[in-house]
Amino acid sequence: MDTFNYHAPTKIIFGKNTEIQAGQLVKNSFRKKVLVHYGGSSAKKSGLLDRVFTSLKDAGIEYTELGGVVPNPRLSTVYEGITLCKKEKVDFILAVGGGSVIDSAKSIGYGVANDGDVWDLYAGVRLPLGGCLPVGAIVTIPAAGSEMSNVSVITNEDGWLKRSVASEAGYCQFAIMNPELTYTLPRY
């Protein structure tokens with residue numbers, strides 16, 4: 001028998017149509033304004049973003065959005081998200097997508113909660129971490145496990161350096177998992 005410890009502070013909401021609970025989950029954490037962060041067009045085309053936006057509106061939560069996350073999420077998108085969050089006074093980030101979107105959301109959260117250049121955290125220049133804006137996830141790709149881990153990986157286009165940060169602050173507050181959101185993925 002192997003001995004191990006297991007620490008999983010992320011609340012999991014699993015089942016059909018669970019994405020419509022997003023607004024209430026954010027409201028329960030006493031947050032007022034959300035950045036909805038996502039990748040390409042599939043979340044829009046499928047109607048998922050519309051359901052998420054409706055859920056937030058119904059809960060009385062304001063939101064702004066930032067799409068365009070690509071696999072191996074880019075530092076330039078993180079910088080864009082940090083600027084947007086500060087300008088819009090965002091106090092919660094909702095990642096709608098897979099591991100890259102969730103990692104990008106965590107990185108934006110670090111950038112908002114910590115002074116200086118967020119890349120310094122990933123490059124190991126400046127530690128320890130001072131926290132992270134709270135992040136929640138609506139998972140659309142069951143692959144990376146970012147919704148349950150405390151790790152985030154970002155790629156800096158200047159040199160194509162890929163670095164990670166692991167922190168207790170990096171756990172998602174909740175992860176919504178509706179298996180139906182993964183039905184359109186290729187079998188591979």
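**Entry 1: the surroundings of Lys106**

I started with the contacts of Lys106 in this predicted model. Setting aside neighbours within four places in sequence, I found Lys106 in contact with Cys132, Val135, Ser146, Ser149, Asn150, Val151, Ser152, Gly170 and Cys172. Lys106 itself belongs to helix 5.

Which side chain of opposite charge is nearest to Lys106? I looked it up, and Asp103 is the one, 4.7 Å away. A salt bridge needs a nitrogen of Lys or Arg within 4 Å of a carboxyl oxygen, so a distance of 4.7 Å does not qualify. Lys106 is thus listed as buried yet without a salt bridge.

Next I asked what the polar side chain of Lys106 does reach. A polar atom of the Lys106 side chain lies 2.8 Å from the backbone oxygen of Ser149. The backbone oxygen of Val151 is reached by the Lys106 side chain as well, at 3.1 Å. Both Ser149 and Val151 also turn up in the contact list of Lys106.

**Entry 2: helix 5 as a whole**

I then stepped back to the helix that carries Lys106. Helix 5 has 15 residues, and from first C-alpha to last it reaches 21 Å, close to the 21 Å expected at 1.5 Å a residue. How many of the residues of helix 5 are buried? I noted 12 of its 15, so I am calling this helix mostly covered, with under 20% relative accessible area as the cut-off for buried.

For the record, the buried set is Gly99, Val101, Ile102, Asp103, Ser104, Ala105, Lys106, Ser107, Ile108, Gly109, Tyr110 and Gly111. Asp103, the nearest opposite charge to Lys106, is in that set too.

**Entry 3: helix 4**

Helix 4 got the length check as well. Its 14 residues, 75-88, should span 20 Å at 1.5 Å a residue, and the end C-alpha atoms are 20 Å apart, which agrees.

The buried residues I wrote down for helix 4 are Leu75, Thr77, Val78, Gly81, Ile82, Leu84 and Cys85. What do the buried residues of helix 4 pack against? My list reads strand 2 (33-38), strand 3 (62-66), helix 5 (99-113), helix 6 (118-122) and strand 6 (151-156). Just after helix 4 comes Lys89, with a positive phi near 55°.

**Entry 4: salt bridges**

How many salt bridges does the count come to? I got three, and I took them one at a time.

The side chains of Lys33 and Glu88 meet at 2.6 Å, N to O. This pair links distant parts of the chain, Lys33 being in strand 2 and Glu88 in helix 4, 55 residues apart. Lys33 counts as buried at 13% relative accessibility, while Glu88 at 26% counts as partly exposed.

Glu19 and Arg51 meet at 2.9 Å, again N to O. Here Glu19 sits in the loop between strand 1 and helix 1 and Arg51 in helix 3 (residues 48-58), which puts them 32 residues apart. Buried or exposed? Glu19 counts as buried, at 1% relative accessibility. Arg51 is partly exposed, with 30% relative accessible area.

In the remaining pair, Lys16 and Glu180, the closest N and O atoms are 3.9 Å apart. These partners are 164 residues apart: Lys16 in the loop between strand 1 (11-14) and helix 1 (22-28), Glu180 in the segment after strand 8 (174-177). With the cut-off at 4 Å, the pair still counts. Lys16 is exposed at 60% relative accessible area, and Glu180 is partly exposed at 33%.

**Entry 5: strand pairings**

I closed with the strands. Strand 4 (residues 92-97) has six of its six residues buried, so it is largely enclosed by the rest of the structure. Which strands pair with strand 4? Strand 2 does so in the parallel sense over five bridges, with Tyr38 opposite Val96. Strand 5 (residues 135-139) also pairs with strand 4 in the parallel sense over five bridges, and there the bridge partner of Ala95 is Ala137.

Strand 6 and strand 7 (residues 161-166) run antiparallel and are joined by six bridges. In this pairing Asn156 stands opposite Leu161. Four residues lie between the two strands of this hairpin, and Gly159 takes a positive phi near 95°.

How values were computed
Residues numbered from 1 in each chain as written. Predicted model: local features only at pLDDT ≥ 70, side-chain atom pairs only at ≥ 80, totals over all residues. Heavy atoms only, no water. Expected span 1.5 Å × (residues − 1). Buried < 20%, exposed > 50% of the residue type's maximum accessible area, 1.4 Å probe, protein only. Contact = heavy atoms within 4.5 Å. Pairing = 2+ DSSP bridges. Lys, Arg positive; Asp, Glu negative; His and termini not counted. Polar contact = N/O pair within 3.5 Å; in protein donor to acceptor, adjacent residues only side chain to side chain.
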